[in-house]
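Subject: Handing over the structure

Dear colleague,

I am passing on the structure we talked about, so that you can open it beside this message and follow along. Please keep the sequence at hand while you read.

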Amino acid sequence: MKSKRERDFWPQFDALQMGSGFTLDETQLPQIMIEDVYGDSHPGSVHLNELSDHVKVGVLQRGGVPCKYHTTDICDGCAQGHDGMNIVLASREAICDMVEVHASAVPWDGMVLSSSCDKSIPAHLKAIARMDIPALFLPGGSMRPGPYQTTALVAGELSLKQKRGECTEKELRDYKLTGCPSVGACTFLGTASTMQCMAEALGLTLPGAALVPATMRTIIDYARASGHAIMNLVEKGITPSRILTKEAFENAIIVHSAIGGSTNAMLHLPAIARAAGFELDMNLFDEVNHRIPHLGNIFPSGKHLTESFWFAGGIPYVQYLLKEHLHLDCMTVTGMTLGENLDALEKDGFFDRYVGFLANYGLTRDDVIPPPEKVQEKGSVAILRGNIAREGAVIKYSACVESMHHHRGPARVFNSEEAAHDAVVKGQIQPYDVVVIRYEGPRGSGMPEMLITTEAIVCDERLNGTVAMVTDGRFSGATRGAAIGHVSPEAARGGDIAFIEDGDLIEYDVDKRTLNVVGIHGQLCSPEEVEQVFAKRREKGVVPRPARKGFFKRYTENASSAMEGADY
């Protein structure tokens, strides 16, 4: 073991470890770093310390010595409605950097990283790619459903009613008592659940580990087995560079398309790929989404919750249905290929083992993961381009009513989400408007998500299904409706979204993959006429950003384009 030779170079190393509780014999065994984001910050992390203890047992059972580290993450839900949301995406970089610090300062033989949620999972996957020592990822699983198969997103409707004085104290209290009934990631296919799925689709988790109900004993089995698996990876010398290939990323994009995953994966997958040493061509998302059937009937693109998705077979069953589209020879953390994993799961009865739990909810597998021949919609996300998104923008059309796949309407322009949300709540937005929110990109304000405003729109019967949003910010994975984000170049970098004015006509077309200003102050114009007007407007320059300090300053001054992953 190279790491053992490095440790033997300096005898104080063993003395320090023995001062921490090692025996002398244990200093000579393979040493595994187990890092999680355990903390009291939110339900996705509060249980991970216990899971890491079970990983420790698994490592010990296979003759290794485990050491636990923690870098606590934060919760998008807790950051809603205040400036805390601006730091959330940047936290991905901070967590990744801390794992790199922990993994670099000691010559570990391998590592297991564990998290449940939006930014900590891509941070961990980036760190795995960056360090390239034997490693695997253990997801923290799914929260239990709320009453009547609801999710924590009931908060969106209640928030709007509360601001309009239409919500009773009883409604609020009942939601608070039941909205998040257990530990685990929120039980809709938001970014947290999507990134658990992406980790598995990349081959970095044990098969079936994504979205295990966090209160089932099965998740303990996965934790113990992860301890066994990392020792196998160490013995065989399998590192992430053998797993995180271009073909593995294509597999992940195919799965993302099929399940209707969060648009935030279109930030995170390119960032992970860059950490692995190559650029991910964003055109691949479009190519894949034109041909892959949308199989996941999972909220917000469908009806059912992530717990039911896992009972129906989860990511392995989706991969099984899409075998003809996938690179089955990709290596995974089992030490076997994806194709070999699927064959082993079928022989073991995995695909049918948990289907009976669906009967408890009156569901069948086909209700949650219909077979491809029963599905009409292809894909779930699209990249739009045009004169206000020359580098691109993204829309999750699977969460948008079909009538809004093509829309033209007058712009209502805001330089912050707070101002836009206030206008929605006060009834100042009209049906068929296009709400433009700018200066919310990576360099503008850290690229916060727009969930409060998108929920205010879809929960307003007057606006739902007729109003679109266009922003250089991002969205929650739970976002519903005609929501176009990641507009690049962003306003803070001089992108033309900065020069749209109230009343300009904006048109987008999902089928044609276009997003353009097509009129000025209510009058249709030729592309050349629009360009002439915008050339004049550009002379005014962009609105300067406020002074910042510390980590947030470093992120917003150095973040790359959203279409490149918004990292630095």
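Below I go through the pockets, the cavities, the cores, the cysteines and one glutamate.

Please bear in mind from the start that this is a predicted model.

Pockets

The largest pocket has a volume of about 840 Å³, and 42 residues line it, with G77, Q80, A152, A155 and L451 lying nearest its centre. At least two lining residues come from each of the helices α6 (154–163), α7 (169–178), α8 (191–201) and α21 (451–458), and α6 supplies the largest share, seven residues. Sorted by character, the lining of this largest pocket consists of 21 nonpolar, 15 polar and six charged residues.

The second largest pocket has a volume of about 440 Å³, and of the 22 residues that line it, H294, E377, K378, Y397 and S398 are the closest to its centre. The lining of the second largest pocket divides into six nonpolar, ten polar and six charged residues.

Cavities

When the whole structure is searched, four cavities of 30 Å³ or more are found, and the largest cavity has a volume of about 80 Å³. Among the residues that line the largest cavity are E200, T205, P316, L338 and L345. Two or more lining residues are given by each of the elements α14 (314–321) and α15 (338–348), and α15 gives the most, with four residues. The lining of the largest cavity is made up of six nonpolar residues, five polar ones and one charged one.

Cores

As a general background, nonpolar side chains in soluble globular proteins tend to be buried together. In this model the largest nonpolar core holds 107 residues, and the members that touch the most others in it are L125, L269 and F309. If you set aside the neighbours of F309 within four places in sequence, F309 is in contact with C197, L211, I259, I298, G314, I315, V318, V368 and I369. Apart from that core lies another one, of 32 residues, which includes I395, C400, A491 and V530.

Cysteines

How many disulfides does the model have? The count comes to zero, and two cysteines may serve as examples. C330 is buried, with a relative accessible area of 8%, and its sulfur cannot form a bond because the closest cysteine sulfur, in C197, is 17 Å away, which is too far. C459 is likewise in no disulfide, since a disulfide needs two cysteine sulfur atoms within 2.5 Å and the nearest cysteine sulfur, that of C167, is 12 Å away. In terms of accessibility, C459 is partly exposed, with a relative accessible area of 24%.

One glutamate

Is E93, which is found in helix α4 (residues 88–105), buried or exposed? E93 is buried, because its relative accessible area is 1%, and the cut-off for that word is under 20%. Not counting residues up to four places away in sequence, E93 touches K126, F551, Y555, A566, D567 and Y568. The C-alpha atoms of E93 and H124 are 9.8 Å apart in space, while the two residues are 31 apart in sequence.

With best wishes

Notes: Residues are numbered from 1 along each chain as its sequence is written. This is a predicted model: local features need pLDDT of at least 70, side-chain atom pairs count only at pLDDT 80 or more; totals for chains, interfaces and linings use all residues. Side-chain values use heavy atoms; hydrogens and water are left out. On a 1 Å grid over the protein atoms alone, a cavity is a set of points where a 1.4 Å probe fits but cannot get out, and a pocket is an open set with protein on both sides within 12 Å along at least five of seven lines; lining residues have an atom within 4 Å of a point. Grid points are joined across faces, edges and corners, and a volume is the space filled by probe spheres set on the points. Ala, Val, Leu, Ile, Met, Phe, Trp, Tyr, Cys and Pro count as nonpolar, Asp, Glu, Lys and Arg as charged, and the others, Gly among them, as polar. A nonpolar core is a set of buried Ala, Val, Leu, Ile, Met, Phe, Trp, Tyr and Cys residues joined through side-chain atoms within 4.5 Å. Buried means under 20% relative accessible area, exposed over 50%, partly exposed in between (1.4 Å probe, protein chains only). Contact means heavy atoms within 4.5 Å.
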